[in-house]
Amino acid sequence: MKKSPVYLSKLNVYALLISAFFLIVSCSDDDENPVAVDEEEVITTMNVTLNVSGGTTITLQSQDLDGDGPNAPEISVSGSLSANTTYNGVIELLNETETPAEDITEEVAEEDEEHQFFFSTGGAIIEAQYADEDGNGNPVGIEFTLTTGDAGNGTLQITLRHEPKKPNDGTLADAGGETDIAQSFPLFVE
């Protein structure tokens with residue numbers, strides 16, 4: 001059966017119209033309001049200060065000046081914690097690849113709805129509790145309390161997540177997001 005030239009030209013017109021439609025839709029101008037790219041923070045140093053009324057201030061530090069380089073972070077703890085005591089903790093994050101060092105804690109505080117610290121304790125460290133929250137009432141963790149138990153060895157793991165699910169159940173598994181920094185500190189309670 002021979003097709004008429006009119007039928008072929010209508011078919012070609014429909015194909016041309018459909019192709020033009022997809023070309024216009026796929027080439028729309030989405031660049032009028034580009035999404036800003038929020039670059040990941042460079043964090044070389046985590047300083048944790050633990051204070052107790054009438055007691056000695058204890059500092060914990062993780063410093064990794066070569067970043068993802070071959071050297072492991074240098075970990076220091078200034079002293080032992082007292083047994084059965086609650087400490088007030090504050091976390092400071094720095095980028096020491098810049099001079100002067102950039103205070104990343106300020107950025108975390110400004111973008112508190114997009115950040116959350118997570119705490120994992122073990123041994124003689126009983127718990128860590130949040131002492132601050134973001135504008136939506138969800139925990140952040142720049143400020144926290146740390147409670148010790150009886151004398152012995154303990155650990156405190158601190159992990160900062162970028163864009164975690166909020167609210168979450170307080171665990172890294174439920175939070176999702178990306179880890180900005182994670183460090184475990186060996187502690188001694190006496």
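Where is the place of Glu163? Glu163 sits in the loop between S9 and H3, and we'll come back to that spot after a walk through the strands. Keep in mind that what you see is a predicted model.

A good place to start is strand S4, which covers residues 86–95. Strand S1 (residues 45–51) runs antiparallel to S4, and seven bridges join the two. If you'd like a pair to look for, Leu50 has Gly89 in S4 as its bridge partner. S4 also pairs with strand S8, residues 143–148, again in the antiparallel sense, through five bridges. Here Thr86 is matched with Thr147 in S8.

Then there's strand S5, just residues 102–103, which is antiparallel to S4 and holds on to it by two bridges. Leu94 finds its bridge partner, Asp103, in S5. A hairpin of six residues links S4 to S5. Pro100 lies in that loop between S4 and S5, and the peptide bond between Thr99 and Pro100 is cis, with omega at about -5°.

Step back to the loop between strand S3 (74–77) and S4, and you'll meet Asn84. Its phi is near 50°, a positive value in a residue other than glycine. Asn84 has 54% relative accessibility, so it counts as exposed, the cut-off being over 50%.

Now for the loop we began with, between strand S9 (152–162) and helix H3 (172–175), where Pro167 is found. Lys166 and Pro167 are joined by a cis peptide bond, with omega near -5°. Glu163, in the loop between S9 and H3, isn't a glycine, yet has a positive phi of about 55°. Glu163 is exposed too, its relative accessible area being 52%.

Key:
Residues numbered from 1 in each chain as written. Predicted model: local features only at pLDDT ≥ 70, side-chain atom pairs only at ≥ 80, totals over all residues. Heavy atoms only, no water. Pairing = 2+ DSSP bridges. Helix = DSSP H or I, 4+ residues; strand = E, 2+ residues; numbered from the N terminus. Buried < 20%, exposed > 50% of the residue type's maximum accessible area, 1.4 Å probe, protein only.
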